[in-house]
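Student: I have a structure here that I would like to go through with you. Could we start with the pairing of the strands and then move on to other topics?
Tutor: Certainly; please put it up.

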Amino acid sequence: MHPNSRPGPSLLACLMACLICIGAFGSAFGSQKAPDFSLPDLKGNKVTLQQYRGKVVILDFWAIWCVPCLKSIPQMVKIQEKYMDKGLVVLGISLDDPQKLDDLSLLEFKKRRKINYRILRGTEEVTDEYFRGIRLEIPTLFIIDKDGNI
């Protein structure tokens, strides 16, 4: 981006969503560690938050049927591409029902949308840990620092 240029409205909306998330959930978590998880990716590999310690992680809770979620995907792709060499990782946590959308279909969706970050299958346990009784709305982003704090 040129130093005198401004980010487009989509990037600004994405960053605003991050800030809103921090404001809304920051007091609920304080400086507590982000809950660890073990979730499968679309190839059946187990992924934990712990394996990304030392990196900044954006957890993107989303679903394929969520129009605002779909609109934020290109921005997550750009963020992953731009900052991955600087230690940032985007993890998409799909809240789609595996009975209605299998891994193969979601993997095909990922390829069509040119998603360059891992997509994990979310669980009720993980959403309960992260949303802690707060109404679950998507898309929601959580930013985890290098020390594992939200």
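Student: How many bridges join strand 3 to strand 6, and do they run parallel or antiparallel?
Tutor: In this predicted model, strand 3 and strand 6 run antiparallel and are joined by 5 bridges. One residue to look at is Leu59, whose bridge partner in strand 6 is Phe142.

Student: And what is the bridge partner of Leu59 in strand 4?
Tutor: That partner is Leu91. Strand 3 (residues 56-62) and strand 4 (residues 88-94) run parallel, with 7 bridges between them. Another pair there is Val57, which stands opposite Val89 of strand 4.

Student: In what order do the strands of the open sheet come?
Tutor: The order is 5-4-3-6, a sheet of 4 strands with mixed pairing. Strand 5 (118-121) and strand 6 (140-144) are at the edges; each has a single partner strand, so one side of each lacks a neighbour in the sheet. From one strand to the next the twist averages 25°.

Student: Which helices pack on it, then?
Tutor: Helix 3 (residues 103-112) packs on the sheet and touches strand 3, strand 4 and strand 5. Its direction makes about 155° with that of strand 5. Helix 4 (residues 124-131) also packs on the sheet, where it touches strand 3 and strand 6. The direction of helix 4 makes about 115° with that of strand 3.

Student: How many residues of strand 4 are buried?
Tutor: The count is 7 of the 7, so strand 4 is largely enclosed by the rest of the structure. In a regular strand, side chains alternate between the two faces of the sheet. Both faces of strand 4 are covered: one side has Leu88, Val90, Gly92 and Ser94, the other has Val89, Leu91 and Ile93, and all are buried.

Student: What about strand 6, given that it stands at an edge?
Tutor: Strand 6 has 4 of its 5 residues buried, so it too is largely enclosed by the rest of the structure. The missing neighbour on one side concerns the sheet.

Student: Changing topic: which residues does the disulfide join?
Tutor: The disulfide joins Cys66 to Cys69, with 2.4 Å from S to S. The count for the model is 1 disulfide. The link of Cys66 and Cys69 is right-handed, with 75° about the S-S bond.

Student: Are those two cysteines buried or exposed?
Tutor: Cys66 and Cys69 are both buried. Cys69 also appears among the buried residues of helix 2, with others including Leu70, Ile73, Met76 and Ile79.

Student: Where does helix 2 bend?
Tutor: The bend is at Ile73 and amounts to about 30°; a proline, Pro74, follows within four residues. Helix 2 (residues 67-83) has 17 residues and spans 25 Å from its first C-alpha to its last, close to the 24 Å expected at 1.5 Å a residue.

Student: Now the loops. Which residues does the cis peptide bond join?
Tutor: The cis bond joins Ile138 and Pro139, with omega about 0°. Pro139 is in the loop between helix 4 and strand 6. Most peptide bonds are trans, and most residues other than glycine have a negative phi.

Student: On that second point, what is the phi of Lys114?
Tutor: Phi of Lys114 is near 55°, a positive value in a residue other than glycine. Lys114 lies in the loop between helix 3 and strand 5. With a relative accessible area of 67%, Lys114 is exposed.

Student: And where is Asp97 found?
Tutor: Asp97 is in the loop between strand 4 and helix 3. Asp97 is partly exposed, at a relative accessible area of 34%. The C-alpha atoms of Asp97 and Ala63 are separated by 8.9 Å, although these residues are 34 apart along the chain.

Student: Finally, what pattern does the protein follow along the sequence?
Tutor: The pattern is α-β-β-β-α-β-α-β-α-β, from 4 helices and 6 strands. Of the 150 residues in the protein, 41% are buried. Among contacts between residues at least 6 apart in sequence, 76% join residues at least 24 apart.

Definitions and conventions. Residues numbered from 1 in each chain as written. Predicted model: local features only at pLDDT ≥ 70, side-chain atom pairs only at ≥ 80, totals over all residues. Heavy atoms only, no water. Helix = DSSP H or I, 4+ residues; strand = E, 2+ residues; numbered from the N terminus. Expected span 1.5 Å × (residues − 1). Bend = angle between axes of the 7 residues up to and from the residue. Buried < 20%, exposed > 50% of the residue type's maximum accessible area, 1.4 Å probe, protein only. Disulfide = S-S within 2.5 Å. Pairing = 2+ DSSP bridges. Axes fitted to C-alpha atoms, helices over the stretch in contact; angles between N-to-C directions. Contact = heavy atoms within 4.5 Å.
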